[in-house]
Amino acid sequence: MRVISGIQTTGNLHLGNYLGAIKQWVAMQDAAEKDGGDCLFFLADLHALTGNITPADLANATIEMAATLLAAGIDDRSILFNQARVPAHAELCWILQGTARMGWLNRMTQWKDKAGKNRDSASVGLFTYPVLQAADILVYQATHVPVGEDQKQHLELTRDIAAKFNTDFGVELFPLPEPLISKAAPRIMSLRDGTAKMSKSDPSDMTRINLIDDDDTIAQKFRKARTDAEPLPDSFDALAERAEAKNLVTIYAALSDRPPQAVVEEYAGQGFGAFKPALADLAVSVLSPIRQRLTELLNDRAEVGVQLAKGAERAQALAAPTLKAAKEAVGL
Ligand code: ADP
Ligand code: NA
């Protein structure tokens, strides 16, 4: 089993990113170690070029995202690197552009959504982005790809490209990668309003728990979180209509690796005057060590660069034989 996952390089990560994504990658790393598989995690800096970028922001976001992953527990058991440092991605992407069909890419809903009515002014890269995704996966002969709902169609496309390449050139080079359905990631809502997602896209949300926040700030944000006056029930399902309460229980459960039902049972009958301080303590105990490591790494960006260079070397070594075989298959 070889798992690969790409990560957008965006700065200023928050609790939603941690519980909804980063923590899942750490779990994948642990599972891969147990089952004897490999995990590759890459920062998708080549993909970033398909949108509007500010060069300095891109470079910073790549280092900050890498630092965050390292701080959260991604280590040498996995291969962590940025895409741009492993030229095999771009090389295989070009080869696969000969295999992918216009009609296939035209059907991608993400392309339709992102380009909207302004197709003529969209970058060519935005259109061919899914071919680079196919290369990201196939260059490692990855067997499994964790995918959210929004990426399912792109993984299907990767399978189509792999199958057509194998058929066209009479090789059995690319395995058809399978989606990896992990335990559903929790969706964390804003502490200001339990019906809006916690997101960096809302700069006005001062309640967002940023991974860089200090302990007091985290505790204070939880103490001030919006709730209602009812005590906690003994069933999680009974919180369906209480968005803020449900969100706080969801966060507690995710931070403590327990089912939400177990959390409500423990606090049943208690009000938020008791629950919020307990949640604040728990959050600080989980996030404080991550922030400390993150702060150290952000003060030593060169070290993060060294880690990424090591990861890139390992990734390139894994990719090289596949790229060579692909070139031979097409007669290069
Ligand atoms: P943002 O909404 O802050 O811009 P992104 O869209 O960059 O976050 O998402 C990065 C990753 O973090 C994705 O895997 C996404 O599913 C996850 N994620 C983002 N916000 C949340 C949230 N509030 N709850 C759970 N997961 C989230
Ligand atoms: Na976003």
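In this predicted model, the shell around ligand 1 comprises four nonpolar, seven polar and three charged residues. There are 14 residues around the ligand, and those that come nearest are Gly16, Gly20, Ala21, Ile188 and Ser199. The protein chain folds into 13 helices and five strands. Its radius of gyration is 22 Å, close to the 20 Å that the globule rule gives for 332 residues, so the chain is as compact as a globular protein of that length.

**Overall dimensions and packing**

- The C-alpha trace of the protein chain spans about 70 × 40 × 40 Å along its principal axes.
- Of the 332 residues in the protein chain, 37% are buried.
- Among contacts in the protein chain with a separation of 6 or more, 78% are between residues 24 or more positions apart.

**Strands β1, β2 and β3**

- Strand β1 covers residues 2-7 and is mostly covered, with five of its six residues buried.
- Strand β2, residues 38-43, pairs with β1 in the parallel sense over six bridges.
- Two residues of β1 illustrate this pairing: Ile7 has Leu43 of β2 as its bridge partner, and Gly6 has Phe42 of β2.
- Between β1 and β2 the chain passes through helix α1 (residues 15-35), and the resulting β-α-β crossover is right-handed.
- β2 is likewise mostly covered, since five of its six residues meet the burial cut-off of 20 or more other C-beta atoms within 10 Å.
- On β2, a parallel pairing with strand β3 (residues 79-82) is made through four bridges.
- Within that pairing, Phe41 is bridged to Leu80 in β3.
- In a regular strand, side chains alternate between the two faces of the sheet.

**Ala254 in helix α10**

- Ala254 lies in helix α10, which runs over residues 243-256.
- Which residues does Ala254 touch, not counting residues up to four places away in sequence? They are Leu19 and Pro186.
- Ala254 is buried because 21 other C-beta atoms lie within 10 Å, the cut-off for burial being 20 or more.
- Thr62 is 192 residues from Ala254 along the chain, and the C-alpha atoms of the two are separated by 26 Å.

**Residues with positive phi**

- Most residues other than glycine have a negative phi.
- Gln141, which is not a glycine, has a positive phi of about 50 degrees.
- The position of Gln141 is in the loop between α7 (124-138) and β4 (144-146).
- Is Gln141 buried or partly exposed? Gln141 is partly exposed because it has 18 other C-beta atoms within 10 Å, whereas a buried residue would need 20 or more and an exposed one 12 or fewer.
- Asp257 is also a residue other than glycine with a positive phi, in this case near 55 degrees.
- The loop between α10 and α11 (260-267) holds Asp257.
- Asp257 counts as exposed because it has 9 C-beta neighbours inside 10 Å, and the limit for exposure is 12 or fewer.

Terms used. Residues are numbered from 1 along each chain as its sequence is written. Chains are lettered from A and ligands numbered from 1 in the order in which they are written. This is a predicted model: local features need pLDDT of at least 70, side-chain atom pairs count only at pLDDT 80 or more; totals for chains, interfaces and linings use all residues. A residue is near a molecule or strand if its C-beta atom, placed from the backbone, lies within 6 Å of it. Ala, Val, Leu, Ile, Met, Phe, Trp, Tyr, Cys and Pro count as nonpolar, Asp, Glu, Lys and Arg as charged, and the others, Gly among them, as polar. The radius of gyration is taken over C-alpha atoms; the globule rule is 2.2 Å times the number of residues to the power 0.38. Two residues are in contact if their C-beta atoms, placed from the backbone, lie within 7 Å. Two strands pair if DSSP finds at least two bridges between them. A crossover is right-handed if, with the strands pointing away from the viewer, the path from the first strand over the helix to the second runs clockwise.
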